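Hi,

Here is the structure I promised to pass on to you. Have a look at it first, and then read on for what I found in it.

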Amino acid sequence: QVQLVESGGGLVQAGGSLRLSCSVSGGTFNRYGMGWFRQAPGKDREIVAAITRSGRDTHYADSVKGRFTISRDNAAKTVYLQMNSLRPEDTAVYLCAADVRAILTSPVKIRDDGYQYWGQGTQVTVSS
């Protein structure tokens, strides 16, 4: 069974930074495409960033380009989301997701239905 546990959320002032981590257990992490999503109250879940199993390809939502960076450490079985220049509109629950069906040639998955396993989420609150 694949399990994902997010950490690193919290309360930060606008302009600040946070680094989210998602630790994955079970299965073979280096075969998984990984994604970060977020969901704010009253809004749909949206993609924030995603990375292929090789780490060579990434995708970012337009709203976070230039501010957020997704990366992975296959030895540590962890995917990270470095968030800089945070804004109040970044406030949301951030969820990590794993695409265990990814193959070497799989593109970055940007829809939530492309992922089969999800973490519980970590709250990020940005004050103005």
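Let's begin with two cysteines: are Cys-22 and Cys-96 buried or exposed? Both Cys-22 and Cys-96 turn out to be buried. Please keep in mind that this is a predicted model.

These two residues are also bonded to each other: a disulfide joins Cys-22 to Cys-96, with an S to S distance of 2.1 Å. The cut-off for a disulfide is a pair of cysteine sulfur atoms within 2.5 Å, and by this rule the count is one disulfide. The bond ties together distant parts of the chain, as Cys-22 sits in strand β3 (residues 18-25) and Cys-96 in strand β9 (residues 92-99), 74 residues apart. Why is the disulfide left-handed? Because the torsion about the S-S bond of Cys-22 and Cys-96 is about -80 degrees.

Next, follow β9 to its neighbour. Strands β9 and β11 pair in the antiparallel sense, over three bridges. One residue to look for is Tyr-94, whose bridge partner in β11 is Thr-122.

β11 has a second partner, strand β2 (residues 10-13): the two pair in the parallel sense over four bridges. Here you can find Leu-11 opposite Thr-125 of β11.

Finally, look at the two faces of β11 (residues 122-127). Thr-122, Val-124 and Val-126 make up the covered face, while Gln-123, Thr-125 and Ser-127 lie on the uncovered one. In a regular strand, side chains alternate between the two faces of the sheet.

Enjoy exploring, and write back with any questions!

Best wishes

Technical notes. Residues numbered from 1 in each chain as written. Predicted model: local features only at pLDDT ≥ 70, side-chain atom pairs only at ≥ 80, totals over all residues. Heavy atoms only, no water. Buried < 20%, exposed > 50% of the residue type's maximum accessible area, 1.4 Å probe, protein only. Pairing = 2+ DSSP bridges.
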